Protein chains: 2
Amino acid sequence: MKQYLKMDEWSIIEESFDPATHEISESIFSIGNGFMGQRANFEEQYSGKSLQGSYMAGVYYPDKTRVGWWKNGYPEYFAKVLNSTNWIGINVLINGESLDLAKCEIKDFVRELNMKEGYLSRRFVAVMENGKEIQVESVRFVSMKRQEIGAIRYAVTPLNFSGTIRVVPYLDGDVQNKDSNYDEKFWLEVEKSAAQDISYLNLKTKKLDFHVTSVMSFDVYKNGEKQEFEASVSEREKFVSAEAAFEVEQGATLTLYKYVANVTSRNHGLGQLVEAGKKALLEAHAAGFDSLRQEQADVWAEKWKGSDIIIEGDVSAQQGIRFNIFQLNQTYTGEDDRLNIGPKGFTGEKYGGSTYWDTEAYCVPFYLSTADSGIARNLLIYRYKHLEKAKENAKKLGFTKGALYPMVTMNGEECHNEWEITFEEIHRNGAIAYAIYNYVNYTGDKSYLSQYGLEVLAEISRFWEERVNFSSTKGKYVMLGVTGPNEYENNVNNNWYTNRIASWTMEYTLEVLDYLKKNENARYLELIDKLKLSNEETAKWRNIIDNMYYPVDEERGVFLQQDGFLDKELVPVKDLAPENLPINQNWSWDRILRSCYIKQADVLQGLFFLSDRYDLETKKRNFDFYEPLTVHESSLSPCVHSIMACELGYQEKAYEMYLRTARLDLDNYNNDTEDGCHTTSMAGTWMAVIQGFAGLRVKNDELVLQPFIPSHWKAFSFNVMFRGATLKVNVGEESITVTNETDTPAAIRIYDRSYTVSAHGEIQAQRSSVTI
Amino acid sequence: MKQYLKMDEWSIIEESFDPATHEISESIFSIGNGFMGQRANFEEQYSGKSLQGSYMAGVYYPDKTRVGWWKNGYPEYFAKVLNSTNWIGINVLINGESLDLAKCEIKDFVRELNMKEGYLSRRFVAVMENGKEIQVESVRFVSMKRQEIGAIRYAVTPLNFSGTIRVVPYLDGDVQNKDSNYDEKFWLEVEKSAAQDISYLNLKTKKLDFHVTSVMSFDVYKNGEKQEFEASVSEREKFVSAEAAFEVEQGATLTLYKYVANVTSRNHGLGQLVEAGKKALLEAHAAGFDSLRQEQADVWAEKWKGSDIIIEGDVSAQQGIRFNIFQLNQTYTGEDDRLNIGPKGFTGEKYGGSTYWDTEAYCVPFYLSTADSGIARNLLIYRYKHLEKAKENAKKLGFTKGALYPMVTMNGEECHNEWEITFEEIHRNGAIAYAIYNYVNYTGDKSYLSQYGLEVLAEISRFWEERVNFSSTKGKYVMLGVTGPNEYENNVNNNWYTNRIASWTMEYTLEVLDYLKKNENARYLELIDKLKLSNEETAKWRNIIDNMYYPVDEERGVFLQQDGFLDKELVPVKDLAPENLPINQNWSWDRILRSCYIKQADVLQGLFFLSDRYDLETKKRNFDFYEPLTVHESSLSPCVHSIMACELGYQEKAYEMYLRTARLDLDNYNNDTEDGCHTTSMAGTWMAVIQGFAGLRVKNDELVLQPFIPSHWKAFSFNVMFRGATLKVNVGEESITVTNETDTPAAIRIYDRSYTVSAHGEIQAQRSSVTI
């Protein structure tokens with residue numbers, strides 16, 4: 001892990017160029033607007049190592065599955081985030097020689113991701129092989145306001161010579177996914193046109209017929225003065241460019257403004273793509289770069305108002321948390337309920353798919369607290385829309401009813417193929433049910449249940465009903481052959497978490513049915529009829545709830561992760577020689593499986609989700625048992641432990657866990673940031689601060705806070721939305737202040753005392769130094 | 001399953017040509033001599049569907065592993081049986097038009113695999129598109145006496161015309177493995193020469209540098225008269241041919257004799273290959289086709305003398321068992337201790353590798369009883385030679401000592417990559433230890449133990465020692481995370497069979513140590529020193545033996561296949577609706593795993609191996625419990641159940657199980673014979689007859705027989721070798737006759753009575769109708 005980025009509260013800054021870390025920076029400095037995203041590739045040619053990546057949300061490719069040994073039930077395709085047209089490209093020729101940072105000496109290099117205003121900039125002086133020095137300054141962003149628009153300002157100044165500078169903005173669709181299973185290219189050309197004013201490239205995917213059209217225009221200024229010129233255009237397969245040449249005197253600055261609209265068949269008719277692109281482009285071009293950038297700054301100011309966390313006394317933590325919030329907001333804006341949050345966002349293409357249980361377990365809480373409730377609601381509706389596919393999936397695996405949501409998906413179909421995960425890591429179904437509860441509990445929006453929620457809950461309950469079986473030796477319902485959240489165990493029996501979340505799902509479904517029967521009877525009857533839900537079924541659920549088997553260790557008073565867990569040798573992680581860690585890089589898979597080491601929160605995940613139902617002593621016993629055995633080799637793990645440690649008053653442990661992911665990508669902690677950022681786990685870090693350090697919960701329609709300040713911090717404050725109110729919470733050394741910035745009053749409890757924060761009002765509470 | 005082959009006691013006969021079953025026939029009619037093998041591809045061009053396959057024993061290719069998701073410990077390569085030079089090819093041109101059975105009408109087609117004398121013949125009349133009719137008769141074999149030689153007689157007779165017939169014998173090395181992971185070709189050309197007298201092709205593999213040189217010569221006769229001719233030769237990359245043209249009158253027969261020597265760098269120096277090939281070829285050519293064929297018949301007569309089984313009253317069973325014995329003898333002759341028995345023999349390339357635990361569990365018994373003991377000994381030495389690689393393999397998986405033999409191998413390195421098998425199906429180690437016991441028990445050759453056996457046993461025991469762990473809750477040693485012989489369970493804890501065979505290995509190792517200490521003390525001390533075997537280690541083994549945990553169901557009095565087995569729903573296979581079967585084609589993998597259905601003998605495999613240690617009542621309870629749950633979806637399964645059913649007096653069940661594999665390939669029972677024959681499971685069928693129906697065992701240095709006759713048979717007889725004697729056993733309705741055909745007397749027990757069969761003597765015993 002190499003720390004090469006400068007500490008700064010609002011920006012990520014790299015102050016010199018090192019090809020060795022370039023791909024890491026390409027991930028970290030990525031920009032996105034929920035509709036498209038772009039790795040921080042250079043605009044000009046770069047012959048060094050680079051992972052070129054432009055991604056359009058929801059545009060994917062079903063790559064033919066590659067496995068060693070086929071098993072029945074595997075999906076035929078693995079849906080991949082699709083690397084699409086490189087729209088940022090600008091070749092620069094200095095007296096005919098191409099500018100390529102792999103072939104220059106580079107001075108005064110600065111790359112900055114300005115998180116406050118949402119743009120990427122870069123500045124450097126390149127000394128070319130012939131001794132010519134040129135200064136380059138570039139700024140680019142993808143517009144949060146105009147989702148199809150990207151804009152680049154690219155300024156070149158010859159420092160020690162006068163000469164001909166050619167700029168060649170282009171669109172290049174001849175790109176490939178790095179992880180293509182069979183080294184195949186996924187795009188076909190539909191049409192193209194290169195012209196001085198507007199060039200475009202219309203491509204479609206080889207399968208599924210997604211069309212993506214990129215349209216570009218550009219202006220050139222010299223020393224601030226708009227230039228007239230005759231461009232020479234060029235076309236080849238899946239490529240268009242326009243070239244303009246200028247004589248530039250030493251010290252003068254040639255500035256290219258490149259505007260691009262990327263439009264897709266997800267939002268426009270196939271025949272309208274070029275027109276739609278041109279229209280969006282012309283509007284943006286007319287507005288001009290500076291005005292687009294101001295819009296961008298305005299939208300981001302609004303985003304920060306909802307979601308910022310301010311940490312006093314720790315710049316590193318401040319930068320880390322803002323980076324996480326920034327990336328989450330770049331990845332998903334919540335307007336399109338067909339989209340979701342890919343594990344790498346728009347920063348890379350690894351893993352494929354866009355939706356994991358990460359969304360429900362980690363991301364929903366972030367959006368619930370930091371954005372309008374409609375955004376989390378859209379994340380829920382996304383799954384509602386996939387219900388039929390989830391039912392098909394269950395059928396495919398041999399179930400006669402019910403729904404099994406996929407482990408990884410783009411369009412509702414499963415696209416993961418490791419039997420122990422695809423077929424067995426079924427607890428994901430529980431997280432999808434839990435997110436409904438979480439949403440309703442947080443927002444109070446019970447209308448969701450009758451509109452969408454119940455159907456999903458009932459079909460998941462049906463799945464659980466059929467997935468358990470009655471063990472005559474145990475006299476209980478058991479669940480055999482599952483993989484829990486801890487993926488360092490495969491094909492186990494009676495994973496406590498899975499049994500628990502299954503039973504909980506059925507319980508909550510029955511509760512919701514009761515609620516609807518009493519409060520929305522007409523809709524209730526309609527739904528019962530639509531679902532063909534019988535009394536036998538609900539009685540069976542009740543019976544399973546009452547007779548579910550949970551493995552426990554009576555002696556230690558802990559829940560057992562699964563049957564037989566205590567047959568393992570229980571050696572705490574701290575007693576392992578360091579060269580064993582991380583075990584996933586040093587141990588063979590069988591050794592990992594039979595060891596006691598836990599990849600990520602498993603029993604503790606259950607105690608976290610169902611926190612209300614367990615007393616502190618139970619949580620403590622389980623935490624004390626499992627935390628020492630947990631290796632946290634998933635980036636999703638430490639946050640749950642951190643939150644639980646906060647609740648148990650283990651403040652040092654909580655902070656230690658928080659640090660494990662706070663700067664995961666900025667410090668390239670797992671040595672894999674070059675593949676992209678760990679976008680979904682960023683929500684976990686946010687949770688560690690808000691649900692952990694601040695102790696935020698929603699109970700009985702109150703927002704509850706139980707804050708403490710990590711000893712390395714002076715104070716911290718954050719914004720949180722709750723039932724129409726936006727609250728600014730400051731946790732100071734002495735007191736906690738909550739300011740309501742809206743017209744809606746909010747019910748809040750701090751430690752044990754309840755308050756109402758009136759519209760635009762403020763309350764203050766003494767800070768307690770003990771949280772339990 | 002389509003039965004299209006004619007019933008015959010000594011031959012496999014196909015009486016018409018159907019392209020739909022051609023690939024199945026290509027497998028079934030394969031010929032081999034332990035050194036090389038050849039699918040029953042046509043000599044002449046065939047543009048229809050065909051799997052061309054020529055294989056040289058021990059010549060393999062490390063194909064880069066293909067997996068969906070890489071796991072630590074996976075081998076980088078998968079060693080594949082290598083499809084090598086097509087040496088049988090003879091193009092035939094009739095008045096310039098190529099003979100191609102995919103483009104003719106075919107009449108009077110007969111293909112015959114003559115098992116008695118070891119050759120493949122074919123006869124047909126082809127009506128070409130232009131109406132010309134020609135008759136073809138071909139005979140070919142690979143010589144059992146001259147392992148590098150293959151010979152073909154190919155006779156063409158124009159029936160309704162006179163014209164020019166060109167014959168073009170060739171060698172074609174431009175071949176590919178069907179299952180190449182990345183569609184790569186594995187051969188490079190070294191040198192070649194095409195000439196009228198002798199042509200050759202010298203190829204080498206892209207990796208590992210195996211060289212294979214094929215050398216050919218040919219004669220042409222017309223109506224029995226040798227022809228003089230001028231051949232026109234041709235060369236292209238990896239290809240040589242010679243072409244000869246003849247005017248042939250209607251009704252005259254043109255006969256080509258093609259002789260080929262295939263020599264490899266496994267047996268000759270790189271520089272000597274062409275010379276060695278020429279020498280072998282010239283000798284064979286000088287001997288001539290008829291004489292070579294007589295040699296072949298003589299060797300096979302000898303083979304049949306050792307291994308034949310004669311079944312009276314059931315031609316179908318007779319054909320089936322002879323086919324199995326024939327294929328086993330074709331695949332492995334036992335002279336080269338670097339070779340082993342591939343799962344498909346020389347009949348196909350599926351699965352790769354050449355050595356599975358099939359060898360020890362199923363094939364060793366066959367060779368022990370039907371061939372000189374040196375052959376089984378060589379199979380054991382093969383593993384001894386891989387001991388260092390097995391130690392490396394254990395080290396790679398994180399063990400500090402001991403040996404883990406690979407699941408699949410060519411050269412001792414693992415080349416299988418499914419974690420649940422590669423890393424966890426470790427019971428294979430037990431079968432390798434058991435084979436040593438089996439060999440010594442059968443042959444009485446205790447010298448093997450000090451020469452080779454102990455080292456293997458000790459290193460396997462060391463592996464088990466480290467692989468178990470002490471469970472403090474159970475107060476016993478447990479073995480976590482294994483896959484037993486029943487591959488329809490993965491990653492289970494305390495698989496009874498694995499725990500049992502592990503403990504047994506340690507026990508037998510201690511026994512062998514004791515024996516050597518007492519009887520070969522000097523060598524014992526040498527071995528102790530070489531192995532650095534300490535008293536602590538052997539004490540630890542004793543402790544594990546004494547405290548091994550075995551899951552049991554006290555109530556039913558059965559051993560449990562693994563922890564938690566009784567949590568499953570136990571529904572007998574017969575209660576499954578038929579559309580569920582086979583479950584491996586109809587159920588998703590997770591459903592199979594959590595079901596109670598057993599792919600192949602698991603607990604019963606242990607009771608079979610360690611038969612002496614369990615009473616009949618125990619075996620009966622376990623058989624009665626597990627047999628109804630067993631789906632026998634491995635071809636290796638039914639034989640063990642059959643043998644056990646015999647022992648328990650379940651004669652109908654025994655016969656039913658025997659039938660499951662008796663004609664597996666001949667009737668294409670599993671619908672996959674086109675990929676090759678199930679060579680190793682053929683040994684299982686042999687076992688079902690000899691160890692099952694005849695009840696053959698070796699106990700206390702006596703050969704024990706407890707025969708019964710399946711009700712569908714009248715009588716059966718077989719040859720069996722035992723400690724230097726060759727015994728012919730006839731099981732008749734009334735009595736059992738044993739004839740000793742050698743100079744060595746043999747101790748034998750029939751039912752409960754012991755006999756000595758003197759040299760060239762005969763004994764007779766009453767047949768008992770009850771076996772228990």
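**View 1. Surroundings of A:Ala694 in the predicted model.** Set aside the neighbours of A:Ala694 within four places in sequence. A:Ala694 is then in contact with A:Val689, A:Leu705 and A:Pro707. Its other contacts are A:Phe718, A:Val729 and A:Val731.

**View 2. The largest nonpolar core.** Which residues have the most contacts inside this core? In chain A they are A:Leu604, A:Ala694 and A:Val729. In chain B they are B:Leu604, B:Ala694 and B:Val729. The core has 442 residues. At least three of its residues come from domain 1 (31-304) of chain A, and at least three from domain 2 (308-352 + 638-772) of that chain. A:Ala694 and A:Val729, both named here, are also in contact with each other.

**View 3. The fold of chain A.** Chain A holds 20 helices and 33 strands. Its radius of gyration is 27 Å, and the globule rule gives 28 Å for 772 residues, so chain A is as compact as a globular protein of that length. The C-alpha trace spans about 85 × 60 × 60 Å along its principal axes. Of the 772 residues in chain A, 54% are buried. Now take the contacts in chain A between residues at least 6 apart in sequence. Among these, 68% join residues at least 24 apart.

**View 4. Residues 322-687 of chain A.** An unreviewed UniProt entry annotates this span as "domain: Glycoside hydrolase family 65 central catalytic". The span is 53% helix and 3% strand. How far apart are its end C-alpha atoms? They lie 13 Å apart.

**View 5. The axis between the two chains.** A rotation of 180 degrees superposes chain B on chain A, with 0.0 Å of shift along the axis. The RMSD is 0.1 Å. The two copies are thus related as by a two-fold rotation axis. Which C-alpha of chain B is nearest the axis? It is that of B:Val67, 2.4 Å from the axis. Both copies use the same surface: 100% of the contact residues of chain B recur in chain A.

**View 6. The side of chain B that touches chain A.** Chain B gives 38 residues to the contact, and chain A gives 38 residues. On the chain B side, strand S22 (469-471) supplies at least two residues. Helix H15 (589-594) of chain B also supplies at least two. Which element gives the largest share of this side? H15(B) does, with 5 residues.

Note on methods
Residues are numbered from 1 along each chain as its sequence is written. Chains are lettered from A and ligands numbered from 1 in the order in which they are written. This is a predicted model: local features need pLDDT of at least 70, side-chain atom pairs count only at pLDDT 80 or more; totals for chains, interfaces and linings use all residues. A nonpolar core is a set of buried Ala, Val, Leu, Ile, Met, Phe, Trp, Tyr and Cys residues joined through C-beta atoms within 7 Å. A residue is buried if 20 or more other C-beta atoms lie within 10 Å of its own, exposed if 12 or fewer, and partly exposed in between; C-beta atoms are placed from the backbone. Domain bounds come from an automatic or database domain assignment. Two residues are in contact if their C-beta atoms, placed from the backbone, lie within 7 Å. Helices (H or I, at least four residues) and strands (E, at least two) are DSSP runs, numbered from the N terminus. The radius of gyration is taken over C-alpha atoms; the globule rule is 2.2 Å times the number of residues to the power 0.38. Copies are superposed by least squares on the C-alpha atoms of residues with pLDDT of at least 70 in both. UniProt positions are given in the numbering used here, feature names are shortened, and annotations may be inferred rather than shown by experiment.
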